[in-house]
Amino acid sequence: MPIESTVSSSSPKRRAQWTESRRRILDAGCETFAELGYRQSLMREIAQRAGVAEMTLFRHFATKAALFEVAVLDPAQAAIDDYVTRRHAHTSNDQELYARATDFYSGLISPSDGDDRPMRALAGALSSHDAKMEMPPELRLRMDSLLDSLEALFRQRIPVHGFATDPHIVVRLL
């Protein structure tokens, strides 16, 4: 029987402990990935930061890639989706080009929920070619998909805001 279904059929106290452990693991994972990047983050250190045994961490997330996906990529995807939605609704051209570019950048790195750790962790993972190559292919594809969604937004906004740039390069530089 899968661990999750075992926990869901257990006592309310055990479910609450499971949920609290998972929250601490996700917080510690996100913070560790943001500080150290994907490659340098160790599951042992994440468990220690979360205040759980390493075995507990592995009961929640079998691999570092699985933890990275839930702790970083899922919230980063939600932040980017929210950002893209907000930017599509934003059509003001009353600012100078520099101010519009600054507004675009600031909105991207400061998610509406105020938690910038997933975006910092994503940036850290993207900052090293070697670190990205160490990831399983499905994580690399997921990260590329996140960047592609931003690139599509940027391509759509170029005519509106007068940006004279290559969207593929700019999004990856951001």
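## Asp116 and its salt-bridge network

Is Asp116 buried, partly exposed or exposed? In this predicted model, Asp116 counts as partly exposed because its relative accessibility is 30%. The side chain of Asp116 forms a salt bridge with that of Arg120, with an N to O distance of 3.4 Å. Arg120 likewise counts as partly exposed, at 35% relative accessibility. Salt bridges with shared partners connect Asp116 and Arg120 to Glu20, Arg23, Arg24, Asp27, Glu31 and Arg117 in one network.

Within this network, Arg24 and Glu20 meet through their side chains in a salt bridge of 3.8 Å, N to O. Both residues belong to helix H2, where they are four residues apart, about one turn of the helix. Arg24 is partly exposed, with a relative accessible area of 27%, and Glu20 is also partly exposed, at 32% relative accessibility. Over the whole structure, the search yields 12 salt bridges.

## Contacts of Arg142

Arg142 is located in helix H9, which covers residues 137-161. The side chain of Arg142 forms a salt bridge with that of Glu69 at 3.0 Å, N to O. This pair links distant parts of the chain, since Glu69 lies in helix H5 and Arg142 in helix H9, 73 residues apart. Glu69 counts as partly exposed, at 29% relative accessibility.

A polar contact of 2.7 Å joins the side chains of Arg142 and Asp74. With residues up to four places away in sequence left out, Arg142 touches Glu69, Leu73, Asp74 and Gln77.

## Aromatic pairs between helices H2 and H5

Three aromatic pairs are found in a search of the whole structure. In one of them, the ring centres of Phe33 and Phe68 are 5.0 Å apart and the planes stand at 90°, so the pair is edge-to-face. Phe33 lies in helix H2 (residues 12-40) and Phe68 in helix H5 (residues 64-89), so that the pair links parts of the chain 35 residues apart. Phe33 is buried, with a relative accessible area of 0%, and Phe68 is buried as well, at 0% relative accessibility.

Tyr38 and Phe68 also form an edge-to-face pair, because their planes are at 85°, with the ring centres 5.1 Å apart. Tyr38 is in helix H2 and Phe68 in helix H5, so this pair ties together parts that are 30 residues apart in sequence. Tyr38 is buried, its relative accessible area being 4%. Ring pairs thus link Phe33, Tyr38 and Phe68 into a cluster. In addition, the charged end of Lys64 sits over the ring of Tyr38, 4.5 Å from the ring centre.

Definitions and conventions. Residues numbered from 1 in each chain as written. Predicted model: local features only at pLDDT ≥ 70, side-chain atom pairs only at ≥ 80, totals over all residues. Heavy atoms only, no water. Phe/Tyr/Trp six-rings, centres within 6.5 Å; stacked < 30°, edge-to-face > 60°. Helix = DSSP H or I, 4+ residues; strand = E, 2+ residues; numbered from the N terminus. Buried < 20%, exposed > 50% of the residue type's maximum accessible area, 1.4 Å probe, protein only. Lys NZ or Arg CZ within 6 Å of the ring centre and 35° of its normal. Polar contact = N/O pair within 3.5 Å; in protein donor to acceptor, adjacent residues only side chain to side chain. Contact = heavy atoms within 4.5 Å. Salt bridge = Lys/Arg side-chain N within 4 Å of Asp/Glu carboxyl O.
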